[in-house]
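Q: I am new to this structure and would like a close look at a single part of the chain. Please take the run of paired strands in the middle and describe how they fit together, then place them in the whole.

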Amino acid sequence: QVQLVESGGGLVQAGGSLRLSCAASGTILTPNGISWFRWYRQAPGQERELVAGITSIGTTNYGDSVKGRFTVSRDNAKNTVSLQMNSLKPDDTAIYYCNAQAYSSPNIYWGQGTQVTVSS
């Protein structure tokens, strides 16, 4: 089992920034850790969408709506991933979820989500 705990959500004005973090823990992370991390988000009445992903070697990908504004990074030693969100827009308002797969398990794990609200 892997536990994912997100933090860093909150309320911010349009144009502002927030940094989300997600920490993975679990005995199966030893010794190889997390294969990939992804951030998803879900706004009310909408489907969950991919925001960003990062592999263990640092290869990243982003959803079209956040390219150039969001940056994903990770610390392999700590099994953590971060999402730096700049130039936030009201459309970025959603619950943000951390998602990951460990090298030693085929399962995909989800965090509980953290709310991000961007006011206009």
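A: The following goes through the paired strands, then two loop residues, and then the chain as a whole.

The model is predicted. Strand E5, residues 49-55, has strand E4, residues 34-42, as a partner, and the two pair in the antiparallel sense over six bridges. Strand E5 is also joined to strand E6, residues 60-62, by three bridges, and this pair again runs antiparallel.

One residue links the two pairings. Ala52 in E5 is the bridge partner of Trp39, and Ala52 also stands opposite Tyr62 in E6.

Each pair is a hairpin. Between E4 and E5 there are six residues, and Gly45 in that turn has a positive phi of about 75°. Between E5 and E6 there are four residues, and in this turn Gly58 has a positive phi of about 95°.

After E6, the loop that leads to strand E7 (70-75) holds Arg69. The relative accessible area of Arg69 is 11%, and because a residue under 20% counts as buried, Arg69 is buried. Leaving aside neighbours within four places in sequence, Arg69 is in contact with Gln84, Met85, Asn86, Ser87, Leu88, Lys89 and Asp92.

A second loop residue is Ser104, placed between strand E9 (94-102) and strand E10 (108-110). Ser104 has a relative accessible area of 45%; this lies between the cut-offs of 20% and 50%, so Ser104 is partly exposed. A polar atom of the Ser104 side chain lies 2.7 Å from the backbone oxygen of Ile28. Ser104 and Pro31 are 73 residues apart in sequence, while their C-alpha atoms are 9.0 Å apart in space.

These parts belong to a chain with 11 strands and zero helices. Among contacts between residues at least 6 apart in sequence, 55% join residues at least 24 apart.

For the overall dimensions, the C-alpha trace spans about 45 × 25 × 20 Å along its principal axes. The chain has a radius of gyration of 14 Å, which agrees with a compact globule, because a globule of 120 residues would have a value near 14 Å. Of the 120 residues, 42% count as buried. The chain exposes about 6200 Å², and carbon and sulfur atoms supply 49% of that area.

Conventions. Residues numbered from 1 in each chain as written. Predicted model: local features only at pLDDT ≥ 70, side-chain atom pairs only at ≥ 80, totals over all residues. Heavy atoms only, no water. Pairing = 2+ DSSP bridges. Buried < 20%, exposed > 50% of the residue type's maximum accessible area, 1.4 Å probe, protein only. Contact = heavy atoms within 4.5 Å. Polar contact = N/O pair within 3.5 Å; in protein donor to acceptor, adjacent residues only side chain to side chain. Rg over C-alpha atoms; globule rule 2.2 N^0.38 Å. Areas by Shrake-Rupley, 256 points an atom, 1.4 Å probe, with all protein chains shown as cover.
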